[in-house]
Each structure stands twice: as structure tokens, then as C-alpha cells.
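Here are a few notes to read alongside the model. I have grouped them by topic, so feel free to jump about.

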Amino acid sequence: MPNETNAKLVSDALSERFGEAFTVDPNLAGLDELARIAGHRVHRRWIERPVDPDLLRLLCACALSASSKSDLQQADIMVVRDEAKRRKIESLLPEMPWVREAPVFLVFLANGRRLARLFEMRNRPFPNDHLDQFFNAVSDASIVLTTFMRAAAAVGLGCCPISVIRDHAVTVSELLELPPRVIPLAGMCAGWPAEKGEITPRLGLDCTLHEDRYQESDLARRIDNYDQRRAARRPYRRQRAPERWGMASFYGWSEDKARQYGVPQRADFGAFVRAKGFCLD
Ligand SMILES: Cc1cc2nc3c(=O)[nH]c(=O)nc-3n(C[C@H](O)[C@H](O)[C@H](O)COP(=O)(O)O)c2cc1C
């Protein structure tokens with residue numbers, strides 16, 4: 001049956017996201033799913049309604065149904081229920097009150113341990129101790145994280161990943177008793193959303209969608225176009241660290257990112273990952 005409503009939701013969301021028109025065939029299957037994917041937004045405010053533990057388990061099972069590199073299954077999910085552990089994590093991130101307020105807090109883990117343990121169990125040397133194993137585990141964890149967000153959105157929950165927990169990787173790792181070769185990819189707040197949230201415009205497809213060969217001609221103009229389009233719909237409320245960078249007369253995405261990444265972030269993370277037993281060579 002044609003679904004004009006969902007077709008319009010998809011085309012509206014994508015045109016808001018990318019600043020171009022999309023024609024969506026109302027006879028296309030799966031438009032409800034596409035509407036949720038196209039309309040994605042993170043949520044950082046929740047109503048005071050708990051998330052049923054059985055529902056959470058169901059969503060985790062759906063997330064862990066995601067594709068896995070070579071079926072190696074190197075991603076895990078940690079549900080943080082213990083009040084003292086929640087309080088400890090929140091205390092590390094006072095600048096993000098949504099971590100405190102979220103009814104549910106999870107941590108998505110890249111797990112390079114189980115595979116190595118399997119070799120121990122078989123009394124065989126593990127010949128794949130190199131960057132690719134780390135990369136595979138992180139890819140699996142990222143896919144599981146994304147799939148969790150999709151599953152949560154399907155039942156009406158709102159989520160926000162929290163990679164800032166990696167600023168405190170050692171503390172989080174000790175708190176959650178993560179053994180060697182298991183590292184946190186990101187936390188995840190989830191709950192029943194208190195507001196609809198907004199679509200964040202993305203770089204135009206002229207920057208991020210390539211055909212047959214990588215192209216970046218006219219990149220500065222394309223990024224500038226995006227800055228302008230985004231500022232018209234979702235202007236930044238404040239400029240990042242004006243005491244350091246000054247007040248810009250026009251403050252767009254590229255200026256914000258140049259400021260955000262103009263200071264070293266987690267420069268010690270590689271040392272943490274190595275200390276956890278991953279080989280990055
Ligand atoms: C891996 C990952 C880590 C993130 N970490 C944080 C975080 O630490 N704190 C936060 O408030 N938002 C975090 N976010 C949310 C992003 O800021 C958000 O996705 C981005 O601003 C785009 O908004 P949108 O997802 O609504 O389109 C993270 C998102 C991802 C995918």
C-alpha cells in the first residue's frame with residue numbers, strides 16, 4: 001500500500017539534512033524504517049519513565065544481531081545498573097548532565113579478548129595480534145552501537161552516545177572491571193525522550209558521496225556552503241573558547257570543529273589501548 005506520509009517524512013528529513021530535494025516513491029517497501037533513519041537525532045533529555053529491563057535486553061539482543069566482521073563477534077554491551085558505578089561515571093562528566101539524568105546507561109565494548117582466549121583454549125599461538133584485530137573489534141562495536149540506536153528509535157526511545165568516557169578510559173575500565181583486550185568504545189544514554197529533538201544538517205553529498213573515484217575539488221566552497229546552510233537552520237548558540245580563539249564574525253561548523261580539534265584530545269588513548277594488550281602495529 002502506498003505510504004505518502006512516510007515518503008514525505010523521508011524526503012523532508014533528507015532535504016533538511018542535506019539541503020537538496022529527494023524524490024521518494026511512496027510504494028517503496030520499508031519507508032517507516034527509512035523515515036526513522038533519515039530523521040535520526042540524538043536525545044539528551046528524558047521523561048522520568050523507567051525503561052523496562054526486558055525491553056532493554058530485547059534491544060541489546062537486536063543490537064548484537066548486527067553483522068560481525070568474519071563472524072568474529074568482537075563487540076559486547078555493558079549495562080551499568082549499579083548506582084555507585086553510575087554516580088562515579090557521572091562524576092567524571094559533570095559537563096554532560098544528560099549522563100546523570102538518563103534512565104539507562106550502557107557502555108559499548110570492543111572485545112579483542114574472546115578470540116585470543118579461544119586460541120589459549122586450543123593451545124595454539126595467536127598469529128593475528130596486530131592493528132587489524134583492533135580495527136575489527138572497534139568496527140564490530142561501532143556497528144552494534146549504531147544498531148542499538150536504530151532498535152531503540154524503533155520503539156520510541158531516544159539515545160545519545162558518550163565517547164567522552166574515553167577521556168577517563170583507565171578509570172572506566174577499572175570501574176567496569178574490563179580485562180585486557182576489552183576497551184570502551186562509547187557510553188550510551190537512553191530513555192523515553194522529553195522532546196522531539198532536531199535534525200542536524202550534514203555536509204552536502206557533494207562532499208561525502210563519491211562515485212568511482214575520490215574527489216575533493218572545490219572543497220573549501222562546498223564546506224562554506226554547508227557552513228552557511230547549517231547556520232541558517234541550526235546556528236551555534238555560542239562560540240567555543242572565545243578567550244583563546246577570539247569572536248568570529250561568522251561562526252559555522254568548520255570554525256567550530258577547527259576550534260574543537262585545535263586542542264589535543266585523548267592523546268594518551270593509544271597508550272591506554274596498548275596497555276590493555278592490543279598491538280597497534
Ligand atoms: C561515537 C559517538 C560518540 C559521541 N559522544 C558524545 C558525547 O560524548 N557527548 C555527547 O553529548 N554527544 C556525543 N555524541 C553525539 C554527537 O554529538 C551527535 O551525534 C552529533 O552532534 C550529531 O547529532 P545527531 O546525531 O543528532 O545528528 C556522540 C556520537 C557518536 C556517534
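1. A salt bridge here is a side-chain nitrogen of Lys or Arg within 4 Å of a carboxyl oxygen of Asp or Glu. Please keep in mind that this is a predicted model. With that cut-off, a search of the whole structure turns up 19 salt bridges.

2. Let us begin with helix α4. Arg-87 and Glu-90 join their side chains in a salt bridge, with N and O 2.8 Å apart. The two residues sit three apart in helix α4 (residues 83-92), which means that about one helical turn separates Arg-87 from Glu-90. Their surroundings are worth a look: Arg-87 is partly exposed at 40% relative accessibility, whereas Glu-90 is buried, with a relative accessible area of 9%. Buried means under 20% relative accessible area, and partly exposed lies between that and the 50% above which a residue is exposed.

3. This pair also belongs to a network. Which residues are linked in it by salt bridges? They are Glu-83, Arg-86, Arg-87 and Glu-90.

4. Helix α12 (residues 253-260) holds another pair, Glu-255 and Arg-259, four residues apart, or about one turn of the helix. The side chains of Glu-255 and Arg-259 form a salt bridge at 2.6 Å, N to O. Is Arg-259 buried or partly exposed? Arg-259 is buried, at 3% relative accessible area, while Glu-255 is partly exposed at 27%.

5. Compare this with Arg-100 and Glu-101, which also make a salt bridge; their closest N and O atoms are 3.6 Å apart. Arg-100 has a relative accessible area of 46% and counts as partly exposed. Glu-101 is partly exposed too, with a relative accessibility of 45%.

6. Now for the sheet. Four strands make up an open sheet, ordered β1-β2-β4-β3, with antiparallel pairing. At its edges stand β1 (75-79) and β3 (158-162); each has a single partner strand, so one side of each lacks a neighbour in the sheet. On average, and ignoring direction, neighbouring strands of this sheet are turned by 25° against each other.

7. Within the sheet, how many bridges pair strand β2 with strand β4? Strand β2 (residues 104-111) and strand β4 (residues 182-191) are joined by eight bridges in the antiparallel sense. If you want a place to check the register, Phe-105 has Cys-189 in β4 as its bridge partner.

8. The ligand deserves a point of its own. There are 14 residues around the ligand, and those that come nearest are His-40, Val-42, Pro-161, Ser-163 and Arg-202. Side-chain contacts to ligand oxygen include a polar atom of Trp-98 at 3.1 Å and an N or O atom of Arg-202 at 3.0 Å. Ser-163 contributes from its backbone, where a polar atom lies 2.9 Å from a nitrogen atom of the ligand. On its own the ligand has 620 Å² of accessible area, and the protein covers 68% of that.

9. A last point on Leu-58, which lies in helix α3 (residues 53-63). Leu-58 is partly exposed, with 49% relative accessible area. How far is Leu-58 from Val-170 in sequence and in space? The two are 112 residues apart in sequence, and their C-alpha atoms are 30 Å apart in space.

Note on methods:
Residues are numbered from 1 along each chain as its sequence is written. This is a predicted model: local features need pLDDT of at least 70, side-chain atom pairs count only at pLDDT 80 or more; totals for chains, interfaces and linings use all residues. Side-chain values use heavy atoms; hydrogens and water are left out. Two strands pair if DSSP finds at least two bridges between them. Axes are lines fitted to C-alpha atoms, for helices over the stretch in contact, and angles run from 0 to 180 degrees between N-to-C directions. Buried means under 20% relative accessible area, exposed over 50%, partly exposed in between (1.4 Å probe, protein chains only). A residue is near a molecule or strand if one of its heavy atoms lies within 4 Å of it. A polar contact is a pair of N or O atoms within 3.5 Å; within protein, one must be able to donate a hydrogen and the other to accept it, and residues adjacent in sequence count only if both atoms are side-chain atoms. Accessible areas come from the Shrake-Rupley method with a 1.4 Å probe; for residues, only the protein chains shown count as cover.
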